[in-house]
Amino acid sequence: MARALAEAERAGAAGEVPIGAVVVRRGTLVGSGGNAPIGTVDPTAHAEIAALRAAARALGNYRLPGAVLYVTVEPCVMCIGAALHARIATLVFGCRDPKGGAAGSVVDLTQHPRLNHRIAVVAGVAEEACRRLLREFFAARRYRSSRSPC
């Protein structure tokens, strides 16, 4: 999770919502990424998607059986969908997303009975550090916008 937090910090420093993700398989880091939809002008450029793409390239396969996806924030529907297609074995995340989380907060696609794959979920890892990054990022944005002369 420390590496995912570092990816989140990099994303935040670039003006993106500070979310980071890494993929680990057999104890080896095989992919990482931070949020980048603003800078890339790409709504799919979430941290999880970047990490999954990097892992698939590194392993030469779009399927990642046995892999663990670490994310600082509970993934959205799109990202859980990608993890399901990649056959991620386990999702580990820091803090919940009560407005868009698809691993139990709004909906739980990781265990949906109609889908053909399930993902084990471990929530709350480094939760306070993950939450603090988001709080500080959005507090700074609110402060800047409140100082606007308009």
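In this predicted model, the structure holds 6 salt bridges. One of them joins glutamate 7 to arginine 10, and the closest nitrogen and oxygen atoms of this pair lie 3.0 Å apart. Both residues belong to helix H1, which spans residues 2-13, and because they are 3 residues apart in that helix, about one helical turn separates them. The two partners can also be described by their relative accessible area: glutamate 7 has a value of 10% and is therefore buried, since buried means under 20%, whereas arginine 10, with a value of 48%, is partly exposed.

Further salt bridges involve helix H5, which comprises residues 127-146. The side chains of glutamate 128 and arginine 131 meet in a salt bridge with an N to O distance of 3.7 Å, and because these two residues are 3 residues apart in helix H5, they too are separated by about one helical turn. Glutamate 128 also forms a salt bridge with arginine 135, for which the closest N and O atoms are 3.3 Å apart. These contacts form part of a network of salt bridges that links Glu127, Glu128, Arg131 and Arg135. Within this network, glutamate 128 counts as partly exposed, with a relative accessibility of 40%, and arginine 131 is likewise partly exposed, with a relative accessible area of 26%.

Helix H5 also contributes to the largest pocket, which has a volume of about 470 Å³. Of the 19 residues that line this pocket, those closest to its centre are Ile19, Val73, Arg96, Asp97 and Leu134. The largest share of the lining comes from helix H5, which supplies 3 residues. When the lining of the largest pocket is divided by residue type, 10 residues are nonpolar, 3 are polar and 6 are charged.

Nonpolar residues are found at the surface as well, where Val77, Val106 and Val107 make a nonpolar patch of about 230 Å². Of these residues, valine 107 is located in the loop that lies between strand S4, formed by residues 90-95, and strand S5, formed by residues 120-123. The relative accessibility of valine 107 is 33%, so this residue counts as partly exposed, and the value is consistent with its place in the patch because patches are made of residues with over 30% relative accessible area and no salt bridge.

Terms used:
Residues numbered from 1 in each chain as written. Predicted model: local features only at pLDDT ≥ 70, side-chain atom pairs only at ≥ 80, totals over all residues. Heavy atoms only, no water. Patch = residues over 30% accessible without salt bridge, like charges linked within 9 Å, V, L, I, M, F, W, Y side chains within 5 Å. Areas by Shrake-Rupley, 256 points an atom, 1.4 Å probe, with all protein chains shown as cover. Salt bridge = Lys/Arg side-chain N within 4 Å of Asp/Glu carboxyl O. Helix = DSSP H or I, 4+ residues; strand = E, 2+ residues; numbered from the N terminus. Buried < 20%, exposed > 50% of the residue type's maximum accessible area, 1.4 Å probe, protein only. 1 Å grid on protein atoms, 1.4 Å probe; cavity = no way out; pocket = protein on both sides within 12 Å on 5 of 7 lines; lining within 4 Å. Points joined across faces, edges and corners; volume = space filled by probe spheres on them. Nonpolar A, V, L, I, M, F, W, Y, C, P; charged D, E, K, R; others polar.
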